[in-house]
Amino acid sequence: MALIDMVMPKMGESIMECTVITWLKKPGDRIEADDSILEVATDKVDTEVPAICAGILKECLVHDGDVVPIGAPIARIESEETVENEPIESPVGASPLAPTPSLQPHSSSPSADPSDRPHSEVLEAARGLEASISSMRTRPDLVGTASFAGRFYSPLVLNIAKEEGIGREELDRIPGSGAENRLTKNDIMAYVGEGRGRSDGSANGVGVSDGVGVKQETVAPLPPAPGPKSPGHSLNGQSDIIQMDRMRKLIAQRMVESKQISPHVSSFVETDMTPIVQWRAKIKDDFKRQTGENLTYTPILIEALVKAIKDFPMINVSVDGDTIIVKKSINIGMAVALPSGNLIVPVIHHADQYNLVGLTKKVNDLSKRARENKLTADDLANGTYTMSNIGTFGNVMGTPIILQPQVAIMAFGAIVKKPAVIETPQGDLLGIRQLMFLSHSYDHRVVDGSLGGQFVKRVSDYLEKFDTDRKI
């Protein structure tokens, strides 16, 4: 029998820690490889963590509500399997470039490898981890708090609340069993199962989403107002003070870091989208009937990006110190606005392997699951280039910030009818065209103006030369 430490696996790029939501197994339970044994929350998604081997769950080293660094021990499994004493890549969102040690059998003698250490040393490390976690509990941005104003809710809990029609005020009244009164999945499911403690008879009402709960109305839904959902407070009646939620704090940190790392330069091109607008208007109903998917502009834009990346592979790189890593895979991230007003960037992996129908299915699927908080860690990992369709907000132009460790990002503005000069064999004419600005921000450490400018112009060329005779 081997006693094996299981560590917190990688959850995607730039994620350094996870919050334990709840254990799905308890010590003494028999588990199989890939059985889900605990549920964790990151700044992006909630996800279940599978067991790394079959055996008996001997000990849980962390508790509900604990904030655990990636790579830290979380459980101890007694396994009958013979395990080689070398790192095994983590099963959740692991990077092939940096595998995380996840199977480490204990030895009865000291080892030079700190991850292959005696039982007493592991216990000491676990105590140190618990001490660190205890100190983290004082940080309201990382764990729950007993104060209902600014109480932390995991995305999973918020999603359940939305589906069950539980508003913020009602959610704040539900007792939590997690650390510092945190509301867990089991708490809210138990509350729903008990009839939600309501006396107003509105549990089965038809609702309209307000971002967290529902209003008992039958009018058409309005888009949720962006911004923090927790109530603010005022010291003088002139200004409200609102605490950032956890995701907003991390977004702020990442944006500042990106500006500090990459000297941003932007180039702009105005593109004639008239042929694409006309083609889409003609084909979209047939496209829907044949594929079951709504055809938006986003997959068309991604298709043009992919073609341009193939022409300019040095835009599909990352920087590591004084080396440039050229990525062979073309993985396109697309920024999606969440009901909270925050942004998340799911990734279409190997985007160059899809035709337009395939891209449409991927775009629609990722967008839907992003807004329903059903993305996995793998959906967010290993992007190599990012696009943002700011035209959906009515913006004509923008200067997006690069998503590290990538070196470029493109924003597509709104398509606007404008008077334009049309060149014909008979001479120049003045007409109405559907025009759109492309905004390209790039890292001037490795992308010079010529490359950055040629790339955005090439994307524009592919859009303007779109084949309007193409079939679905």
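These legends accompany several close-up views of a predicted model.

**View 1. The whole chain, to get your bearings.** Before zooming in, it helps to take stock of this predicted model. The chain is built from 9 helices and 22 strands. It has 472 residues, and 45% of them count as buried. Take the contacts between residues at least 6 apart in sequence: 64% of these join residues at least 24 apart. The chain exposes about 23100 Å², with carbon and sulfur atoms supplying 52% of that area.

**View 2. The largest nonpolar core.** In soluble globular proteins, nonpolar side chains tend to be buried together. Here the largest nonpolar core has 55 residues. Phe 412, Phe 455, Val 459 and Leu 463 are the ones with the most contacts inside this core. Which helix gives the most to this core? That is α7, residues 298–311, with 8 residues. Apart from this core lies another one, of 26 residues, and its members include Ile 4, Val 20, Ala 51 and Ile 74.

**View 3. Leu 463 and its surroundings.** Let us stay with one of the residues that have the most contacts inside the largest core, Leu 463. Setting aside residues up to four places away in sequence, Leu 463 touches Thr 271, Met 273 and Ile 276. The list of residues touched by Leu 463 also includes Ile 300, Leu 301 and Ala 304, as well as Phe 412, Met 436 and Leu 438.

**View 4. Helix α5 and its buried side.** Helix α5 runs over residues 246–261, 16 residues in total. From its first C-alpha to its last, α5 reaches 23 Å, close to the 22 Å expected at 1.5 Å a residue. Which residues of α5 are buried? They are Arg 246, Met 247, Ile 251 and Ser 258. These four lie on the same side of α5, because they cover an arc of only 130° around the axis. As a reminder, an α-helix has 3.6 residues a turn, so residues three or four places apart point the same way.

**View 5. Ile 251 reaching across the sequence.** Ile 251 sits in helix α5, where it is one of the buried residues. Outside the residues up to four places away in sequence, Ile 251 touches Asn 342 and Leu 343. Leu 343 is 92 residues from Ile 251 in sequence, yet their C-alpha atoms are 8.4 Å apart in space.

**View 6. Helix α4 and its buried side.** Helix α4 covers residues 185–193, and its buried residues include Asp 187, Ile 188, Tyr 191 and Val 192. Because these cover an arc of only 130° around the axis, they fall on the same side of α4.

**View 7. Arg 369, a buried arginine in helix α8.** Arg 369 belongs to helix α8. Is Arg 369 buried or exposed? Its relative accessible area is 19%, so Arg 369 counts as buried, the cut-off being under 20%. Neighbours within four places aside, Arg 369 is in contact with Lys 374, Leu 375, Thr 376 and Asp 379.

**View 8. Two residues with positive phi.** His 350 is in the loop between β18 (347–348) and α8 (356–371). Its phi is near 55°, a positive value in a residue other than glycine. With a relative accessible area of 35%, His 350 is partly exposed. Asn 382 is placed in the loop between α8 and β19. Phi of Asn 382 is near 65°, again positive in a residue other than glycine. Asn 382 counts as partly exposed, at 31% relative accessibility.

**View 9. The loop between β19 and β20.** Pro 405 is found in this loop, which links β19 (385–388) to β20 (408–412). The peptide bond from Gln 404 to Pro 405 is cis, with omega near 5°. Asn 389 is also placed in the loop between β19 and β20. Asn 389 is buried, with a relative accessible area of 16%. Beyond its neighbours within four places in sequence, Asn 389 is in contact with Thr 298, Leu 301 and Phe 412.

**View 10. Asp 467, after helix α9.** Look for Asp 467 in the segment after α9 (449–464). Asp 467 is partly exposed, with a relative accessible area of 44%. A polar atom of its side chain lies 3.0 Å from the backbone nitrogen of Asp 469. In sequence, Asp 467 and Trp 279 are 188 residues apart, while in space they are 8.9 Å apart, C-alpha to C-alpha.

Technical notes:
Residues are numbered from 1 along each chain as its sequence is written. This is a predicted model: local features need pLDDT of at least 70, side-chain atom pairs count only at pLDDT 80 or more; totals for chains, interfaces and linings use all residues. Side-chain values use heavy atoms; hydrogens and water are left out. A nonpolar core is a set of buried Ala, Val, Leu, Ile, Met, Phe, Trp, Tyr and Cys residues joined through side-chain atoms within 4.5 Å. Buried means under 20% relative accessible area, exposed over 50%, partly exposed in between (1.4 Å probe, protein chains only). Contact means heavy atoms within 4.5 Å. The expected span of a helix is 1.5 Å times one less than its number of residues. The arc is that of the directions from the helix axis to the C-beta atoms. Accessible areas come from the Shrake-Rupley method with a 1.4 Å probe; for residues, only the protein chains shown count as cover. A polar contact is a pair of N or O atoms within 3.5 Å; within protein, one must be able to donate a hydrogen and the other to accept it, and residues adjacent in sequence count only if both atoms are side-chain atoms.
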